[in-house]
Amino acid sequence: MSSVYRNILVAVDGSPDADAALAHAGALASDQHARLTLLTAIPPLPATALLASGAAPPRSEVVRHYAELLRRAAETLPADISVTTVLVEGPASRVLVERARSGEFDLIVMGSHGHGRMHSALLGCVSQKVLHASPIPVLLTRAPREEAAPAPAQAPVESSLDIRPMTS
């Protein structure tokens, strides 16, 4: 049987959902004998960051931070998976869709941060933008959520009433 996916693009941003996406992509790559390309996008520095603090962190420090994030992500994968890392600058949604349009990839795997409709309507989220603009399939994952502990079972209530069927 031939592999459905040969080249998988994985968005890496250090979030728990992205970590879950990476783990899922690793398992999928192992199963499909596919190559993984881990992509991290360095976001543009917002103008407000300069206004608020008066100075932005040195660009080299920002690049080093994202490069380290990407390196650590690659190290979590088994050695038998072929991995390429790519560090690019620009809005994550734009660079992911551009890579998808290149024709090199069969699938994008990324975390879904689940911000809800209001957040998406006001700000837009990367996964929503990629999902709607990508020419290739997009697999969205979420980190496992801790479930609330079940309520303790209550002991059956014993009745002190003596109920007997009525006889006629």
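These exercises work through the fold of a predicted model, from the chain as a whole to single residues.

Residues are numbered from 1 along each chain as its sequence is written, and side-chain values use heavy atoms, with hydrogens and water left out. Local features need pLDDT of at least 70, side-chain atom pairs count only at pLDDT 80 or more, and totals for chains, interfaces and linings use all residues.

**Exercise 1. The chain**

Task: State how many helices and strands the protein chain has, and in what order its elements run.

Solution:
- Step 1. Count the elements. There are 6 helices and 5 strands. Helices (H or I, at least four residues) and strands (E, at least two) are DSSP runs, numbered from the N terminus.
- Step 2. Read the order. From the N terminus on, it is β-α-β-α-α-β-α-β-α-α-β.
- Step 3. Check burial. Of the 168 residues in the protein chain, 32% are buried. Buried means under 20% relative accessible area, exposed over 50%, and partly exposed in between (1.4 Å probe, protein chains only).
- Step 4. Check contact range. Contact means heavy atoms within 4.5 Å. Take contacts between residues at least 6 apart in sequence: 77% of them join residues at least 24 apart.

**Exercise 2. The sheet**

Task: Give the strand order of the sheet and say which strands stand at the edges.

Solution:
- Step 1. Write the order. The 5 strands form an open sheet, β3-β2-β1-β4-β5, with parallel pairing. Two strands pair if DSSP finds at least two bridges between them.
- Step 2. Find the edges. β3 and β5 (138–141) each have a single partner strand, so one side of each is left without a neighbour in the sheet.
- Step 3. Add the twist. Neighbouring strands are turned by 20° against each other on average, direction ignored. Axes are lines fitted to C-alpha atoms, for helices over the stretch in contact, and angles run from 0 to 180 degrees between N-to-C directions.
- Step 4. Inspect the pairs. β1 (residues 7–11) and β4 (residues 107–111) pair in the parallel sense over 3 bridges. Isoleucine 8 has leucine 107 in β4 as its bridge partner. β1 and β2 also pair in the parallel sense, over 5 bridges. Here asparagine 7 stands opposite arginine 35 in β2.
- Step 5. Check cover on β2. In this strand, 7 of 8 residues are buried.

**Exercise 3. Helix α3**

Task: Which side of α3 is buried, and what covers the buried residues?

Solution:
- Step 1. Test the length. α3 (residues 59–75) has 17 residues and reaches 24 Å from its first C-alpha to its last, close to the 24 Å expected at 1.5 Å a residue. The expected span is 1.5 Å times one less than the number of residues.
- Step 2. List the buried residues: Val62, Tyr66, Leu69, Leu70 and Ala73. They cover an arc of only 95° around the axis, which puts them on the same side of α3. The arc is that of the directions from the helix axis to the C-beta atoms.
- Step 3. Turn the helix over. The face away from the buried side carries exposed Arg64 and Glu75.
- Step 4. Name the cover. It includes α1, β2 and β3 (83–89).

**Exercise 4. The cores**

Task: Identify which elements build the largest nonpolar core.

Solution:
- Step 1. Define it. A nonpolar core is a set of buried Ala, Val, Leu, Ile, Met, Phe, Trp, Tyr and Cys residues joined through side-chain atoms within 4.5 Å.
- Step 2. Size it. The largest has 18 residues; Ile8, Val10, Val12, Leu22, Leu36, Leu38 and Val109 have the most contacts inside it.
- Step 3. Assign the elements. β1, α1, β2, α3 and β4 give two or more residues each. α1 gives the most, with 5 residues.
- Step 4. Look beyond it. Another core, apart from this one, has 16 residues, among them Leu39, Val88, Phe105 and Ile136.

**Exercise 5. Loop residues**

Task: Are histidine 33, serine 112 and proline 91 buried, exposed or partly exposed?

Solution:
- Step 1. Histidine 33 is in the loop between α1 (16–32) and β2 (35–42). Histidine 33 counts as exposed because its relative accessibility is 71%. Its phi is near 55°, a positive value in a residue other than glycine. Most residues other than glycine have a negative phi.
- Step 2. Serine 112 is in the loop between β4 and α5 (117–122). Its relative accessibility is 14%, so serine 112 counts as buried. Leaving out residues up to four places away in sequence, serine 112 touches Asp17, Ser127, Leu140, Thr141 and Arg142.
- Step 3. Proline 91 is in the loop between β3 and α4 (92–101). With a relative accessible area of 34%, proline 91 is partly exposed. Its C-alpha is separated by 6.8 Å from that of proline 44, 47 residues apart along the chain.
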